[in-house]
Each structure stands twice: as C-alpha cells, then as structure tokens.
Amino acid sequence: MAPEVRALPDRWPRLSKFVLSACAASVAELVTFPLDLTKTRLQIQGEAALKRSGEGGVPYRGMVRTAVGIVQEEGLLKLWQGSTPAVYRHIVYSGVRMVAYEQLRDSPLGKGESETFPLWKAVVGGMTAGAIGQFFASPTDLVKVQMQMEGKRRLEGKPPRVRGVYHAFLTIVSKGGIRGLWAGWVPNVQRAALVNMGDLTTYDTVKHFLLRNTSLKDNSFCHSISSICSGLVAATLGTPADVIKTRIMNQPRDKHGRGILYKSSTDCFIQAVRGEGFMSLYKGFIPTWMRMAPWSLVFWLTYEQIRRFVGVSSF
C-alpha cells in the first residue's frame, strides 16, 4: 500500500500556524495603522521630560485633530509612515506568539481531562507567549516608533533621524551596537505580555465559552464578539506600558546610545506620573482601543477564514 501523503498543514502544523498568523497580522496592521500612528503622536505630546529640556512645545490636539493635522501638514500617505517595520514586527511577533501559545496550551500547561483550558492557564500561557514574541520583535518596534515621529520632527525644524527601515537599523546599531536594537525592550515585553493576555487569552476564553454555553456556532459572529472583548481588555491592560515603551524608544540618545531623558522604564514611569499625573499613562487610550478592537477583529476573521481555506486545525 502506498504511504499516505499528508497535506502541508498536517506535516508542519506549527509552521503553518506561524505563516497563517503572520498573514492575518499583516492585513490587520495595514488596515488599522493610521490609528497606531495617531496614538504614538498623542503619547509623546506634553512629555514632562521634554518640557524640562526645553523641547516640549507641542499643544494637545486630541485624537481627531491630531489625525487631521497629520493629513493637512504632512500628507495623507504619512498616516502609514512606519508601516513597513510594523508589518515586519507583526510577522515575527504574531507568528511567534501564536505558535508559543498553542505549544504552551498543549504542553507543558496542558488541557484538562475535559479538554478545557482553565482561565489561569490561559492567562499564564498568553502572557508568556506575548513576552517571547515581543522580545524577538522589539528591534522592529523601535524602528517603527522612530519612523512614526519623523514627520513631527520635520515640522519642528529638526534634522531627520532616519530615512527608511534599513537606514534606521544601521543608525541604531552604529550608535548603540546590537544592544541598541533592544532599547526599551523591558516595557515593550511587559506591554506585550499584558496585551497578549487581553487579546489572545480573552479571545480564546470568550470564544470557547460562547461555543460551550450558547447556541452560537463557530462562525464570523462568534469571532466578532470574541474580538471586540479581546480588544477592549488588551487596550485597558496594555496602554500604560505602551506609553512608557513609546517614550523610551523615542527619546534622544547620546553618542554612546544611552537615553538622555530617562534612565530606565521605571524612571520614565515616575517622571510621567509626577510631571503629568497618573492619567498620562492612558494618553492615546481612545485610538489604542479604537485600533485594538478592529485590529483584533480583522486579525481573527482573516485568521479563521484562511485557516478554513487551507485546512489548518482550529485555534
């Protein structure tokens, strides 16, 4: 009897999930990227450390006025400035986190005898998977943040720091060495762990809760409800760490690659709370939430549709 020929998803299930996740994340990132750019600009405005250094003169404009201002002052396409490293980041981050979460869910955490996954295990698995994925993707996030701020720097009459993705990587390495690519990785990993707990863990938990306890089927409506819940939880948990991460990554650096404004993520946190109040940690929350919900929705709908098309097992 001829040996059974298995399809690619059956022979390489983890690789298939990685490719599938990377494709879905790329689509979601490009669709929602203008909200990410707006969020980044809002998180930098009014920065207390910049005010002390004499560079903080940008007025608060709010989400809508910031977005409109970018279009009027820089051009419509600038809403996607920095999208290239953002896509690179999600190819690494989303691919790794999805594969890592499924690996942790199946082993060593393991499902219960009833094939259910307890919430506490989902939380541990989600946070661990997010941290692992973001650590590997942190250099691309650094480049993305710096490219997103280039339009603002030009309007302020400052010289450009980077001219593209390749130049940004070279500039960062030349100033801070290979370690410089991981500047801000601590708050970045912390944010990813919290966001992943909110996004991936919430989606997984809500989806399976709905399938077990309601008459809903495994369809787009069920996926949409799960995505909306995961986006809200992810934005609430992740925004403070995201503000710290953005400021650490965007700060000017000396000739040795050391940050000039902040000594560490803890120092950035203290300066933000003392100088601007606790709610400064939620700057950009509205565009973050408005992006998280559609990002999660587009990602999971794309993921589920491609999964069914190519025959990959359910998440």
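This is a dialogue in which a student learns to read some features of a predicted model.

User: Before looking at details, how many helices and strands does the protein have?

Analyst: Bearing in mind that the model is predicted, we can begin with the elements along the chain: the protein has 12 helices and 0 strands, and when it is read along the sequence it follows the pattern α-α-α-α-α-α-α-α-α-α-α-α.

User: What percentage of the residues in the protein is buried?

Analyst: Of the 315 residues in the protein, 51% are buried. The idea is to look at relative accessible area, where under 20% means buried, over 50% means exposed, and anything in between means partly exposed. Val 87 in helix α5 has a relative accessible area of 15%, and is therefore buried, whereas Val 310 in helix α12 has 39% and is therefore partly exposed. A third case is Phe 136, which is found in helix α6 and, with a relative accessible area of 52%, is exposed.

User: How far apart in space are residues such as Val 87 and Ala 28, which are 59 residues apart in sequence?

Analyst: Here one sets the separation along the chain beside the separation in space. From C-alpha to C-alpha, Val 87 and Ala 28 are 9.4 Å apart. In the case of Val 310 and Leu 20, which are 290 residues apart along the chain, the C-alpha atoms are separated by 9.2 Å, and for Phe 136 and Arg 89, with their positions 47 residues apart along the chain, the separation of the C-alpha atoms is 8.8 Å.

User: How is a pair of aromatic rings described, and how many aromatic pairs does the structure hold?

Analyst: The description of a pair of aromatic rings uses the distance of the centres and the angle of the planes. The structure holds 6 aromatic pairs, and one of them is formed by Phe 135 and Trp 182, whose rings are 5.9 Å apart centre to centre, with 35° between the planes, so that the pair is classed as tilted. Since Phe 135 lies in helix α6 (residues 119-148) and Trp 182 in the loop between α8 (165-180) and α9, the pair ties together parts that are 47 residues apart in sequence. As for accessibility, Phe 135 counts as partly exposed at 34%, and Trp 182 counts as partly exposed at 25%.

User: What kind of aromatic pair do Phe 135 and Trp 185 form?

Analyst: That pair is edge-to-face, with 5.5 Å centre to centre and 85° between the planes. Because Phe 135 lies in helix α6 and Trp 185 in helix α9, this pair ties together parts that are 50 residues apart in sequence. Trp 185 counts as partly exposed, at 37% relative accessibility. Together, Phe 135, Phe 136, Trp 182 and Trp 185 form one aromatic cluster.

User: Which ring has the charged end of Arg 97 over it?

Analyst: In this feature one looks for a charged side-chain end placed over an aromatic ring. The charged end of Arg 97 sits over the ring of Phe 299, at 5.3 Å from its centre. Another case is Arg 89, which lies over the face of Tyr 93 at 4.4 Å from the ring centre.

User: Which residues have the most contacts inside the largest nonpolar core?

Analyst: A nonpolar core is read as a group of buried nonpolar residues joined through their side chains. The largest one has 15 residues, and those with the most contacts inside it are Met 98, Tyr 101, Leu 200, Trp 295, Phe 299, Trp 300 and Tyr 303. Two or more residues of this core come from each of α2 (13-44), α5, α6, α9 and α12. Apart from it lies another core, of 11 residues, including Leu 142, Val 162, Ala 168 and Met 249.

User: What volume does the largest cavity have, and which residues line it?

Analyst: For a cavity, one asks about its volume and then about its lining. A search of the whole structure finds 3 cavities of 30 Å³ or more, and the largest has a volume of about 120 Å³. Its lining consists of Arg 89, His 90, Tyr 93, Arg 97, Arg 191, Val 195, Asp 199, Arg 291, Met 292 and Trp 295. At least two lining residues are supplied by each of α5 (83-106), α9 (185-213) and α12 (285-310), and the largest share, 4 residues, comes from α5. By class, the lining has 4 nonpolar, 1 polar and 5 charged residues.

Terms used: Residues are numbered from 1 along each chain as its sequence is written. This is a predicted model: local features need pLDDT of at least 70, side-chain atom pairs count only at pLDDT 80 or more; totals for chains, interfaces and linings use all residues. Side-chain values use heavy atoms; hydrogens and water are left out. On a 1 Å grid over the protein atoms alone, a cavity is a set of points where a 1.4 Å probe fits but cannot get out, and a pocket is an open set with protein on both sides within 12 Å along at least five of seven lines; lining residues have an atom within 4 Å of a point. Grid points are joined across faces, edges and corners, and a volume is the space filled by probe spheres set on the points. Ala, Val, Leu, Ile, Met, Phe, Trp, Tyr, Cys and Pro count as nonpolar, Asp, Glu, Lys and Arg as charged, and the others, Gly among them, as polar. Rings of Phe, Tyr and Trp (its six-membered ring) pair if their centres lie within 6.5 Å; planes under 30 degrees apart count as stacked, over 60 as edge-to-face and the rest as tilted. Buried means under 20% relative accessible area, exposed over 50%, partly exposed in between (1.4 Å probe, protein chains only). A charge sits over a ring if NZ of Lys or CZ of Arg is within 6 Å of the ring centre and within 35 degrees of the ring normal. A nonpolar core is a set of buried Ala, Val, Leu, Ile, Met, Phe, Trp, Tyr and Cys residues joined through side-chain atoms within 4.5 Å.
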